[in-house]
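Here are some short exercises on side-chain packing, each with a worked solution. Have your viewer ready and try each task before reading on.

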Amino acid sequence: MAKKTENIIKVRDLQKSYGDNHVIKGVDLDVKRNQVMVIIGPSGSGKSTFLRMLNHLEEPTGGNINIDGHDLNSKETDINKVREKIGMVFQHFNLFNNLNVIDNLTLAPRELGLMSQEEAEKKARQYLKRVGLSDKAEVKVDSLSGGQKQRVAIARSLVMNPDVMLFDEPTSALDPEMVGDVLGVMKDVAKEGMTMLVVTHEMGFAKEVADHVLFFDQGHIIEQGTPEQIFDHPQHKRTQDFLSKVL
Ligand code: ADP
Ligand code: MG
């Protein structure tokens, strides 16, 4: 991408409705390069919708999103180019189950003409090593555990060399014993300076890794601050109620 802006993500008065259902009701947010933001909030509060609008998987019904100087509303913006720089990790992995692991990792960079086969494979093996799955390169995805699949999904995003990574409840579908490995990988990615937005119910991860926590409720950011501010001294009653249920 062209110039490196300090606030890599700028969101202004963002709105989203599905028919009569007004789901995102005027969200403003700046995300700094290298910042790790955790988004918490009750089910149905609009967290996934918000995240999906950031890479244009959902189209806003109002307001503005700017990613690294690119206005997502503008006709000049090549949305596919912007997306190449935004990794997304979903609750249910979204891998190609019938392909082996290495092909899952090399598919996008090859198809988009970003890397040669050799280059893509070299990078893929590098990232598989980083997520602790060097020995799984040649196996079919559907033979992996949920935790392994999620680490493959993270490695697949990293191969694209993203500027930002979005995680939507990456550990919610995993057996408890798999959660730690995935959070460990995410922590490493954060340490290396990735800009991250993470929707999660893992409050331990949020406390340890987040620079900033957002509490979403009914389509608004009700409260935001450092993990200490949000978890230890929440100001808003709705934040207090939510935390009393999940902590
Ligand atoms: P969260 O991730 O916080 O649980 P969501 O963003 O998934 O919340 O959902 C917020 C609201 O938007 C819910 O009322 C949900 O039913 C609605 N919604 C989400 N996606 C769609 C969709 N594709 N079509 C219609 N309604 C949707
Ligand atoms: Mg969700």
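## Exercise 1: Neighbours of one leucine

Task: In this predicted model, find which residues L128 touches, leaving out those up to four places away in sequence.

Solution: Start from L128 and keep residues with heavy atoms within 4.5 Å. After the sequence filter, L128 touches V101, I102, L105, L133, S134, A137 and A155.

## Exercise 2: Nonpolar cores

Task: Find how many residues the largest nonpolar core has, and which helix gives the most to it.

Solution: First, the largest nonpolar core has 51 residues. Next, those with the most contacts inside this core are I40, L128, I154, M165, M186 and M196. Then look at the helices: α6 (residues 176–191) gives the most, with eight residues. Finally, a second, separate core has 28 residues, including I9, V23, L29 and L51.

## Exercise 3: Aromatic pairs

Task: Count the aromatic pairs and classify the geometry of the pair F50 and F216, then of F215 and F242.

Solution: Ring centres must lie within 6.5 Å, and planes neither under 30 degrees nor over 60 apart count as tilted. The count by this rule is two aromatic pairs.

- The ring centres of F50 and F216 are 5.4 Å apart with planes at 45°, so this pair is tilted. F50 sits in helix α1 (residues 47–54) and F216 in strand β9 (residues 212–217), 166 residues apart. Both F50 and F216 are buried.
- For F215 and F242, the centres are 5.4 Å apart and the planes at 40°, so this pair is tilted. The pair links F215 in strand β9 with F242 in helix α9 (residues 237–246), 27 residues apart. Both F215 and F242 are buried.

Terms used. Residues are numbered from 1 along each chain as its sequence is written. Chains are lettered from A and ligands numbered from 1 in the order in which they are written. This is a predicted model: local features need pLDDT of at least 70, side-chain atom pairs count only at pLDDT 80 or more; totals for chains, interfaces and linings use all residues. Side-chain values use heavy atoms; hydrogens and water are left out. Rings of Phe, Tyr and Trp (its six-membered ring) pair if their centres lie within 6.5 Å; planes under 30 degrees apart count as stacked, over 60 as edge-to-face and the rest as tilted. Helices (H or I, at least four residues) and strands (E, at least two) are DSSP runs, numbered from the N terminus. Buried means under 20% relative accessible area, exposed over 50%, partly exposed in between (1.4 Å probe, protein chains only). A nonpolar core is a set of buried Ala, Val, Leu, Ile, Met, Phe, Trp, Tyr and Cys residues joined through side-chain atoms within 4.5 Å.
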